[in-house]
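Here is a short tour in questions and answers. Have the sequence and the model ready.

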Amino acid sequence: MSDNKSGEPGFVIVTGMSGAGRSTAAKALEDLGWFVIDNLPPGLLFSLAEEAGRVKLAADHVAAVVDVRSLAFTTDLNAAIEELDGRGVEVRVVFLEASDDELVRRFENVRRPHPLQAENRLVDGIDRERGILREVRANADLVIDTSKLNVHELRKKIVSFFGGEDRPGLKVNVVSFGYKYGLPVDADLVVDCRFLPNPHWVPELRPMNGLDVPVREYVLSQPGAKEFLDGYEEVFGVVAAGYTREGKGYATLAVGCTGGKHRSVAMAEQLGARLRERGMDVQVSHRDVGRE
């Protein structure tokens with residue numbers, strides 16, 4: 001994306017799967033003082049940017065929620081983003097994702113059809129929407145998987161990304177997870193800690209997790225742990241610099257072990273601390289702690 005040189009404000013486009021929480025994200029941004037327009041057709045994005053610039057709304061505090069209504073959605077949105085970028089307006093795209101099973105559950109709970117379902121099954125509408133949104137998701141600056149988030153947790157995540165004081169550079173989310181529960185679908189990068197001995201097999205450590213000092217000390221004392229942290233810190237520094245040059249504002253780094261309780265938690269905390277020392281804006285979360 002281009003640097004904002006036109007004097008017009010950059011802004012955020014919130015899009016993603018129907019039922020994944022776009023309205024909740026919009027409300028969270030409104031509560032933070034953002035100017036938010038819901039259900040805006042892609043073709044009107046530049047008009048919104050012009051109007052925001054005319055009334056001098058705060059830069060980086062304008063958002064549009066865009067949903068899929070036609071097969072031309074992807075083309076229209078990409079064209080709108082290219083026009084904004086060409087006019088010097090910085091655009092960030094936030095994509096909200098959820099699993100098929102969770103989307104089905106949510107639509108059934110509210111007893112509403114999917115907007116692309118027509119006369120077909122609910123799952124057909126979801127599958128059609130995924131196909132239309134595939135390119136948008138691939139190019140999004142930030143992907144948030146809401147499958148396991150309630151509305152309060154999603155709101156907290158939006159606030160964590162957009163509610164703090166403005167800081168330049170990349171915002172990094174380091175999340176630990178367990179491979180036996182599946183990969184985080186919103187991860188940009190995944191690293192594997194299963195090469196380290198598992199504290200699960202140490203009786204006194206099994207009930208603890210990677211936030212407990214004995215587990216942390218055990219994991220970090222293992223051969224290869226320090227070398228892994230040293231090496232990946234350097235690698236991610238290179239990646240982060242590249243993301244920043246390409247205009248990517250957010251990155252999710254997933255750190256995995258078998259159950260997401262011991263090794264990945266300890267290593268995620270250490271990576272987060274090291275990246276903060278490099279001046280990065282980092283939050284650390286643990287997806288699967290307490291899940292067993």
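The turns below walk through a predicted model.

Visitor: How many helices and strands does the protein chain have?
Guide: The protein chain has 292 residues, and 48% of them count as buried. Its helices and strands share the number asked for. There are nine helices and nine strands.

Visitor: In what order do the five strands of the open sheet lie?
Guide: Start at the edges. These are β2 (35–37) and β5 (142–145), and each pairs on one side only. The pairing in this sheet is parallel. The order is β2-β3-β1-β4-β5.

Visitor: Which residue in β5 is the bridge partner of V94?
Guide: Strand β4 covers residues 91–97, and four bridges join β4 to β5. These two strands run parallel. The bridge partner of V94 in β5 is L142.

Visitor: At what angle does helix α1 run to β1?
Guide: Helix α1 covers residues 22–31 and lies across β1, β2, β3 and β4. Helix α3 packs on the sheet too, touching β1 and β4, and its direction makes about 170° with that of β1. For α1 and β1, the angle is about 160°.

Visitor: Is D67 buried or exposed?
Guide: D67 sits in the loop between β3 (62–65) and α3 (73–86). Beyond its neighbours within four places in sequence, D67 is in contact with R22, N39 and F73. Its relative accessible area is 10%, and the cut-off is under 20%, so D67 is buried.

Visitor: Which residues have the most contacts inside the largest nonpolar core?
Guide: This core has 53 residues. Take F162 as an example: residues up to four places away aside, F162 touches V12, L29, L32, W34, V94, L142 and Y250. Apart from this core lies another, of 27 residues, including F228 and Y232. In the largest core, the residues with the most contacts are I13, L45 and F162.

Visitor: Why is one side of β7 and of β9 left without a neighbour in the sheet?
Guide: Four strands form this open sheet, in the order β7-β8-β6-β9, with parallel pairing. β7 and β9 (281–286) stand at the edges. One side of each is left without a neighbour because each has a single partner strand.

Visitor: Which residue in β8 stands opposite K171?
Guide: β6 and β8 pair in the parallel sense, over eight bridges. Helix α6 (residues 151–162) lies across both, and across β9. Opposite K171 in β8 stands Y250.

Visitor: How far apart are the end C-alpha atoms of helix α8?
Guide: Helix α8 has 21 residues, 225–245. At 1.5 Å a residue, α8 should span 30 Å. The computed distance agrees: the end C-alpha atoms are 30 Å apart.

Visitor: What covers the buried residues of α8?
Guide: α8 lies across β6, β7 and β8, running at about 175° to β7. Its buried residues include F228, Y232 and F236. What covers the buried residues of α8 includes β6, β7, α7 (213–220), β8 and α9 (263–277).

Visitor: How much of the exposed area of the protein chain do carbon and sulfur atoms supply?
Guide: The protein chain exposes about 14,400 Å². Carbon and sulfur atoms supply 50% of it.

Definitions and conventions: Residues numbered from 1 in each chain as written. Predicted model: local features only at pLDDT ≥ 70, side-chain atom pairs only at ≥ 80, totals over all residues. Heavy atoms only, no water. Core = buried A, V, L, I, M, F, W, Y, C linked by side-chain atoms within 4.5 Å. Buried < 20%, exposed > 50% of the residue type's maximum accessible area, 1.4 Å probe, protein only. Contact = heavy atoms within 4.5 Å. Pairing = 2+ DSSP bridges. Axes fitted to C-alpha atoms, helices over the stretch in contact; angles between N-to-C directions. Expected span 1.5 Å × (residues − 1). Areas by Shrake-Rupley, 256 points an atom, 1.4 Å probe, with all protein chains shown as cover.
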